[in-house]
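Subject: Structure handover and notes

Dear colleague,

I am passing on the structure below, together with my notes on what was found in it. Please read the notes with the structure open beside them.

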Amino acid sequence: MTDPLELLATDRALARGRGDPCATLCTLANVDDHGMPQARTLVLRDVADRLAVFVNATSPKFPHLAHVSVVVWLPSLNVQYRLTCTTEPVPAALVAESWQLRPVVPKQLDWLYTRVQAQGTPIGSREALLETLASLLLPEPLVAPETASGFFLLPERIERLDLNQENGVHDRRRFTLGNPSWHEEVLVP
Ligand SMILES: Cc1cc2nc3c(=O)[nH]c(=O)nc-3n(C[C@H](O)[C@H](O)[C@H](O)COP(=O)(O)O)c2cc1C
């Protein structure tokens, strides 16, 4: 039986090899506290051999990430994946370790969100933002704030749409997590 997570890993590796800028990214959608759908681009990470995303706990999306929908579009392969997922927190120690690999400005911003004001809140001007960032007191050594967070993605349903068919008829398959393995169905594209 095909494991769609292995398929996704193989396709992402192939896309990375082709220099596809989408190979490391996803679009993650959730439902906000007003019942409205919200979507944004996130880096799709491989942490401890599992798919994960990293976010900041001060973001308004943070309390609403228990159920998410994730899209991975790989233009170099002409393949789309849609994942319906529950999530599980990445242990703090793993987040802290990965956080060290972040560039310096995202690190500073995580501390700004934590100590000054939450991600996504209005600030007077871009100049005010840059001044706040420049005057920010950072811990020494520079470690991850408690708000740096991660979620493992636990896909329950995965749909793969492959546009790259010689006869022009797209190949669409849905994989549903069963016990003990995935159940595969071909869908009308
Ligand atoms: C290429 C790219 C990668 C991004 N990666 C992340 C990420 O890994 N984590 C994150 O919180 N935001 C990331 N962002 C920013 C998000 O798209 C978004 O603007 C931010 O998380 C705030 O979203 P919110 O208002 O839903 O909280 C990325 C944006 C782009 C364009």
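Before the notes begin, one cut-off is needed: a residue counts as buried under 20% relative accessible area, as exposed over 50%, and as partly exposed in between. Ala9 has a relative accessible area of 43%, and therefore it is partly exposed. Please also keep in mind throughout that this is a predicted model.

Overall architecture

The protein chain holds four helices and nine strands, and from the N terminus on these elements follow one another in the order α-β-β-β-β-β-β-α-α-α-β-β-β. Along its principal axes, the C-alpha trace spans about 60 × 35 × 35 Å. Of the 189 residues in the protein chain, 35% count as buried, and the chain exposes about 11,000 Å², of which carbon and sulfur atoms supply 55%. When contacts between residues at least 6 apart in sequence are considered, 61% of them join residues at least 24 apart. As for charge, the protein chain carries 17 positive and 22 negative side chains, and the centres of these two sets lie 2 Å apart.

The ligand

Which residues are found around the ligand? They are Leu25, Arg40, Thr41, Leu42, Val43, Phe54, Val55, Ser59, Lys61 and Gln119. Two of the polar approaches involve the protein backbone: an oxygen atom of the ligand is 2.7 Å from a polar backbone atom of Thr41, and a nitrogen atom of the ligand is 2.8 Å from a polar backbone atom of Phe54. With Ser59 the side chain is involved, since an N or O atom there lies 2.5 Å from an oxygen atom of the ligand. Taken alone, the ligand exposes 620 Å², and the protein buries 59% of that area.

Arg172 and its surroundings

Arg172 is part of strand 8, which covers residues 171-177. Its side chain makes a polar contact of 2.7 Å with the side chain of Glu159, while a polar atom of the Arg172 side chain also lies 3.4 Å from the backbone oxygen of Val188. If residues up to four places away in sequence are set aside, Arg172 touches Arg82, Glu159, Arg160, Leu161, Glu185, Val186, Leu187, Val188 and Pro189.

Ile158 and Ala9

Is Ile158 in strand 7 buried or exposed? Its relative accessibility is 0%, and it counts as buried because that value falls under the 20% cut-off. Leaving out neighbours within four places in sequence, Ile158 is in contact with Pro4, Leu5, Tyr81, Arg82, Leu83, Arg173, Arg174, Phe175 and Trp182. The C-alpha atoms of Ile158 and Leu177 are separated by 8.4 Å, with these positions 19 residues apart along the chain counted as their sequence separation. Ala9, the residue named at the start, is in helix 1 (residues 4-17), and its C-alpha lies 9.9 Å from that of Ala23, which is 14 residues away in sequence.

Backbone geometry to check

Most residues other than glycine have a negative phi, and most peptide bonds are trans. Four places in this model may be looked at with that in mind, beginning with the peptide bonds. The bond from Glu140 to Pro141 is cis, with omega near 0°, and Pro141 is found in the loop between helix 4 (126-134) and strand 7 (148-162). A cis peptide bond also joins Asn179 and Pro180, where omega is about 15°, and Pro180 is placed in the loop between strand 8 and strand 9 (182-187).

Turning to phi, Asp49 has a positive value near 65° although it is a residue other than glycine, and it sits in the loop between strand 3 (45-47) and strand 4 (50-56). Asp49 has a relative accessible area of 81%, so it is exposed. Asn78, likewise not a glycine, has a positive phi of about 60° and is found in the loop between strand 5 (67-74) and strand 6 (79-89). Its relative accessible area is 30%, and Asn78 is therefore partly exposed.

With kind regards

Conventions: Residues are numbered from 1 along each chain as its sequence is written. This is a predicted model: local features need pLDDT of at least 70, side-chain atom pairs count only at pLDDT 80 or more; totals for chains, interfaces and linings use all residues. Side-chain values use heavy atoms; hydrogens and water are left out. Helices (H or I, at least four residues) and strands (E, at least two) are DSSP runs, numbered from the N terminus. Buried means under 20% relative accessible area, exposed over 50%, partly exposed in between (1.4 Å probe, protein chains only). Contact means heavy atoms within 4.5 Å. Accessible areas come from the Shrake-Rupley method with a 1.4 Å probe; for residues, only the protein chains shown count as cover. Lys and Arg count as positive and Asp and Glu as negative; His and the chain ends are not counted. The place of a charge is taken as NZ of Lys, CZ of Arg, CG of Asp or CD of Glu. A residue is near a molecule or strand if one of its heavy atoms lies within 4 Å of it. A polar contact is a pair of N or O atoms within 3.5 Å; within protein, one must be able to donate a hydrogen and the other to accept it, and residues adjacent in sequence count only if both atoms are side-chain atoms.
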